[in-house]
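Me: I would like to learn how to read a few features of a protein structure. Could we work through one together?

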Amino acid sequence: MANVGPLSNVQLAHIAREHYVNGKSRVEIADETGLSRFKVGRMLDEAVEKGIIRFEIVSTPGIDLDLSMRLKQRFGLDHGVAVELPVDTDAEAQSTLGTVAASLVDELVGPDDILGLTSGRTLNVMARQLQELPCRAAVQLAGVAGPIQESGLEVIRRLSSFPGVQPWPIYASLVMSDAQTARGVLRQPGVKAAVEMFDEVTVALCAVGSWVPPNSLMMMNPAITDADRSMLLRRGVVAEVASTLVTDRGDVIHDLDDRCIAVTEQQLRAIPTRVAIAGGPSKTRAIRAVLTSGLITGLVTDAFTASRLVAG
């Protein structure tokens, strides 16, 4: 281009500022400067070539942007987040993912939403990190599984302290010894009220339990016998979300459905936004199975796990 001196650069910088900083269209700049809009366009391109205009894409610190997009595209997700970790361990994943999930709640949940949550160590970390909850209700999607301090009941207890949030807890175990007992529990007023809210949930934040290798609060439930576990493992169960059991192929196993106090597979799939928050080496296989099943629409995981998922 002919004009290469300082005066030309001043004009380029002025036009660039008017367009990119002040938001003026090329037509508006053309009218003000007496140039044609095509000339303005060429000058904007020249400003980029000369480095007068520099673009910087800023991502959230600690998030691998490229890996997050690959994860989203690989599994057709609405939301994909790959969080960078210093070490590839389950403990580090639980702690860091819970903290990051707390920072993402404002983006996922609005004032008109009803939030559903399952049990899980990572979700408990998230609940402890939250300073507010921008929705009107929080629903426990599954009964108590594992230690009380890691249960969905504890998550709901923490969130119910926020102003304007109506809690819907389930004071019952996730799995009952038999179907008749489960039906009796479901008739109890408190449990019945929470279960009736399942169809109203618009955003679900879910943990993923791993059956192979074992890293699942559901597996710790005393109502699940050794015979139950052996049978379910033979059936190919490798993961669960709430009480929905999944195989490597993404098939759902319904053998325990009539004994569980939890959101059903059909109800879970009907929730518009379903984000799993899970990571770590012991959970990778389970997360892949859940992704294959289509149970979730989004995933917050660590970069180590995300790399294994997109590679597989």
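Reply: We shall look at cysteines first and then at two helices. Please keep in mind that this is a predicted model.

Me: How many disulfides are there?

Reply: To count as a disulfide, two cysteine sulfur atoms must lie within 2.5 Å of each other. By this rule, the count is zero.

Me: Why is Cys206 not in a bond with Cys135?

Reply: One compares the distance between the sulfurs with the cut-off. The closest cysteine sulfur to that of Cys206 belongs to Cys135, and because 14 Å separates them, they are too far apart for a bond.

Me: Is Cys135 buried or exposed, and what of Cys206?

Reply: A residue is called buried when its relative accessible area is under 20%. Cys135 has a value of 6% and is therefore buried. Cys206, at 0%, is buried as well.

Me: Which residues of helix α8 are buried, and what do they pack against?

Reply: Within α8, which spans residues 179-186, the buried residues are Ala179, Ala182, Gly184 and Val185. They pack against α9, residues 189-196.

Me: Which residue caps the N-terminal end of α8?

Reply: Here one looks for a side chain that reaches a backbone atom. The cap is Asp178, with a side-chain oxygen 3.1 Å from the backbone nitrogen of Gln180.

Me: How many residues of helix α12 are buried, and what follows the helix?

Reply: Helix α12, residues 284-293, is mostly covered, with seven of its 10 residues buried. Among them are Ile287, Val290 and Leu291. After α12 comes Gly294, which has a positive phi near 75°.

Methods:
Residues numbered from 1 in each chain as written. Predicted model: local features only at pLDDT ≥ 70, side-chain atom pairs only at ≥ 80, totals over all residues. Heavy atoms only, no water. Buried < 20%, exposed > 50% of the residue type's maximum accessible area, 1.4 Å probe, protein only. Helix = DSSP H or I, 4+ residues; strand = E, 2+ residues; numbered from the N terminus. Contact = heavy atoms within 4.5 Å. Polar contact = N/O pair within 3.5 Å; in protein donor to acceptor, adjacent residues only side chain to side chain.
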